[in-house]
Amino acid sequence: MLNQLITRKHYLNKHLNAPLLKEREDYLQYWAKLGRSPHSLKSIAQYVFRIVEYLHLEVSGIITLDALEKAATAWAEYQYNHPQKKAFSKTGKVRFTRYAIDWLRKLGRLGPLPEEKIPLFNRLFERSHAL
């Protein structure tokens, strides 16, 4: 799938030689089956590539929410030669976080989120007061 999305040979080779190739391609297939456009899939491919890099996913283990948030902030602060990115990117941080949580859950590598640590009784109690 990456061959269809990334046309520049240099960038394609970076993606093909990065860790977790099969897992990244499976994730792109998941989004493609949901009807995402090629432009969206290319963006997701770039985020997942950076998620591997910033979270050092080539090393096995569970990723905590704290580690994920630090990596998302680092990505959002990263400055590179891009005409539209001059400073901190709120959107970049949100997308990095969203895709990382979703993908890491699918891989079984995401640590429990705060809301998942609440006992069932507390969840039911909170919901009844929210109505």
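This text goes through a predicted model, from its overall makeup to its helix contacts, its core and a few single residues.

The chain contains seven helices and zero strands. Followed along the sequence, its pattern reads α-α-α-α-α-α-α. Of the 131 residues in the chain, 32% are buried. Contacts between residues at least 6 apart in sequence can be sorted by how far apart the partners lie in the chain: 59% of these contacts join residues at least 24 apart.

Helix packing comes next. Two packed helices are described by the angle between their axes and the distance between the axes. One such pair is H5 and helix H6, the latter made of residues 90-107; their axes are 8 Å apart and the packing angle is about 145°. The crossing of H5 past H6 is right-handed. On the H5 side, the contact is made by Leu65, Leu68, Glu69, Ala71, Ala72, Thr73, Trp75 and Ala76. On the H6 side, Gly92, Lys93, Phe96, Thr97, Ala100, Ile101 and Leu104 take part. Sorted by class, the residues of this contact are 10 nonpolar, three polar and two charged.

H6 also packs with H3, here at an angle of about 110° and with the axes 11 Å apart. Angles from 65 to 115 degrees count as roughly perpendicular, and H3 and H6 are therefore roughly perpendicular to each other. H3, too, passes H6 in a right-handed crossing. The residues of H3 that meet H6 are Glu23, Arg24, Tyr27, Tyr30 and Trp31. Their counterparts in H6 are Tyr99, Asp102, Trp103, Lys106 and Leu107. This contact of H3 with H6 has six nonpolar and four charged residues, and no polar ones.

The next topic is the nonpolar core. In soluble globular proteins, nonpolar side chains tend to be buried together. In this model the largest nonpolar core has 31 residues, and Ile51, Leu57 and Leu104 are those with the most contacts inside it. At least two residues of this core come from each of helix H1 (2-5), H3, H4, H5 and H6. H4 gives the largest share, with eight residues. Leu104 has thus appeared twice: in the contact of H6 with H5 and among the core residues with the most contacts.

What does Leu57 touch, leaving aside residues up to four places away in sequence? Its partners are Leu20, Ile51, Val52, Ile63, Trp103, Leu104 and Arg109. Among them, Ile51 and Leu104 are also named with Leu57 as core residues with the most contacts, while Trp103 is one of the H6 residues that meet H3.

Leu20, another partner of Leu57, is found in the loop between helix H2 (9-17) and helix H3 (21-33). Its phi is near 60°, a positive value in a residue other than glycine. His56 also has a positive phi without being glycine, with a value near 55°. This residue is found in the loop between helix H4 (38-55) and helix H5 (65-77).

The last residue is Arg98, which is found in helix H6. Is Arg98 buried, partly exposed or exposed? Buried means under 20% relative accessible area and exposed means over 50%. Arg98 counts as partly exposed because its relative accessibility is 47%. Although Arg98 and Tyr47 are 51 residues apart along the chain, their C-alpha atoms are separated by 9.9 Å.

Terms used: Residues numbered from 1 in each chain as written. Predicted model: local features only at pLDDT ≥ 70, side-chain atom pairs only at ≥ 80, totals over all residues. Heavy atoms only, no water. Helix = DSSP H or I, 4+ residues; strand = E, 2+ residues; numbered from the N terminus. Axes fitted to C-alpha atoms, helices over the stretch in contact; angles between N-to-C directions. Left-handed = near helix turned anticlockwise from the far one by under 90°. Contact = heavy atoms within 4.5 Å. Nonpolar A, V, L, I, M, F, W, Y, C, P; charged D, E, K, R; others polar. Buried < 20%, exposed > 50% of the residue type's maximum accessible area, 1.4 Å probe, protein only. Parallel < 35°, antiparallel > 145°, perpendicular 65-115°, else oblique. Core = buried A, V, L, I, M, F, W, Y, C linked by side-chain atoms within 4.5 Å.
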